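This report is written for a reader who is meeting the structure for the first time. Please keep the sequence and the model in view while reading.

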Amino acid sequence: MTGDFSWRANNDVIAKYVESKLVDKNETASLGGHEICLYFENDSYQHYITEGTVDLKPRASLLSWMFRRKIKREWLFIHQGPHEVVVEFEGRWGNGESARGHVTLTTTINEKNAGNLLGLARDCAEVTRQIVSDAVSGEIGSRFGSMVGQYQSKDPAKDGELSGGLREVADRGLRDHGI
């Protein structure tokens, strides 16, 4: 046995996509608290694992071995959180003045939505809080821009409406990415 595969280098890493060609034979990964592993075989979702040890190079079945069928295995390791993601955005008030802001989102990842994170993870291999922030900031920024453009300038009476709208957009953006 070659040992335990370590997928999370630091607390900034939310998820990591791992292909079978990146792991050694007989390597395993131990899942800690708040970690899940999604398992894919030949680009098809198989199941998720929430605890214990994951065998990253299981032996092929007798039929697969006899027919020399290649099996492409992939894993998506995820730390469920909670994660704090800071998203910055900007826009223009109706009078043309610059409007800037940021929001700190605290989020957790559940097993049911975790598959949506696969697209983002395949693109960058390691998903960090900054990558998540960048992924949702465009959507939040465009929505913020259209919202503040309706008002001539900052109006404290409209703060609740603005923050409620931004929260809704942020939640949708995070959900779309599996977070």
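The text below moves from the whole chain to one sheet, then to a central strand of that sheet, and finally to some single residues.

## The chain as a whole

The model described here is a predicted one. Its protein chain has four helices and nine strands, and along the sequence these elements follow the pattern β-β-β-β-β-α-β-β-β-α-β-α-α. Of the 179 residues in the protein chain, 39% are buried, and the chain exposes about 10,300 Å², of which carbon and sulfur atoms supply 46%. Among the contacts in the protein chain with a separation of 6 or more, 71% are made by residues 24 or more positions apart. A search for disulfides across the whole structure finds zero. Two cysteines may be looked at here: Cys-37 is buried, with a relative accessible area of 0%, while Cys-124 counts as partly exposed at 28% relative accessibility.

## The sheet

In which order do the five strands of the open sheet stand? The order is E4-E3-E6-E1-E9, and the pairing is antiparallel. At the edges are strand E4 (44-49) and strand E9 (126-128), each of which pairs on one side only, and the twist from one strand to the next averages 15°. As a general matter, strands of a sheet pair through backbone hydrogen bonds, either parallel or antiparallel.

Strand E6 (residues 73-79) pairs with strand E1 (residues 13-19) in the antiparallel sense over five bridges, and in this pairing Lys-16 stands opposite Phe-77 in E6. Strand E3 (residues 35-41) is joined to E6 by seven bridges, and these two strands also run antiparallel; here Glu-41 stands opposite Arg-73 in E6. A helix is packed against part of this sheet, for helix H3 (residues 129-148) lies across E1 and E9 and runs at about 75° to E9. Gly-138 lies in helix H3 and counts as partly exposed at 49% relative accessibility. The C-alpha atom of Gly-138 is separated by 9.9 Å from that of Glu-90, although the two residues are 48 residues apart along the chain.

## Strand E6 and two of its residues

How many of the seven residues of E6 are buried? Seven of its seven residues are, and the strand is described as mostly covered. Both faces of E6 are covered, since Arg-73, Trp-75, Phe-77 and His-79 on one side and Glu-74, Leu-76 and Ile-78 on the other are all buried.

Glu-74, which has its place in strand E6, is buried with a relative accessible area of 0%. Its side chain makes a polar contact with the side chain of Arg-122, at 3.1 Å. Beyond residues up to four places away in sequence, Glu-74 touches Tyr-17, Val-18, Leu-38, Tyr-39, Phe-40, Asp-43 and Arg-122.

His-79 is likewise placed in strand E6. Why does His-79 count as buried? Its relative accessible area is 13%, and a residue is called buried when this value is under 20%. Leaving aside neighbours within four places in sequence, His-79 is in contact with Trp-7, Arg-8, Ile-14, Gly-33, His-34, Glu-35 and Ile-109.

## Backbone features in the loops

Most residues other than glycine have a negative phi, and most peptide bonds are trans. Against that background, the two residues in the table each have a positive phi although neither is a glycine.

| Residue | Phi | Loop | Relative accessibility |
|---|---|---|---|
| His-34 | about 65° | between strand E2 (28-31) and E3 | 53%, exposed |
| Asn-42 | about 50° | between E3 and E4 | 33%, partly exposed |

His-34 has already appeared above as a contact of His-79; it is found in the loop between strand E2 and E3, and at 53% relative accessibility it counts as exposed. Asn-42 is found in the loop between E3 and E4 and is partly exposed.

Which peptide bond is cis? The bond from Gly-81 to Pro-82 is cis, with omega near 15°, and Pro-82 has its place in the loop between E6 and strand E7 (83-92).

Terms used: Residues numbered from 1 in each chain as written. Predicted model: local features only at pLDDT ≥ 70, side-chain atom pairs only at ≥ 80, totals over all residues. Heavy atoms only, no water. Pairing = 2+ DSSP bridges. Axes fitted to C-alpha atoms, helices over the stretch in contact; angles between N-to-C directions. Contact = heavy atoms within 4.5 Å. Disulfide = S-S within 2.5 Å. Buried < 20%, exposed > 50% of the residue type's maximum accessible area, 1.4 Å probe, protein only. Polar contact = N/O pair within 3.5 Å; in protein donor to acceptor, adjacent residues only side chain to side chain. Areas by Shrake-Rupley, 256 points an atom, 1.4 Å probe, with all protein chains shown as cover.
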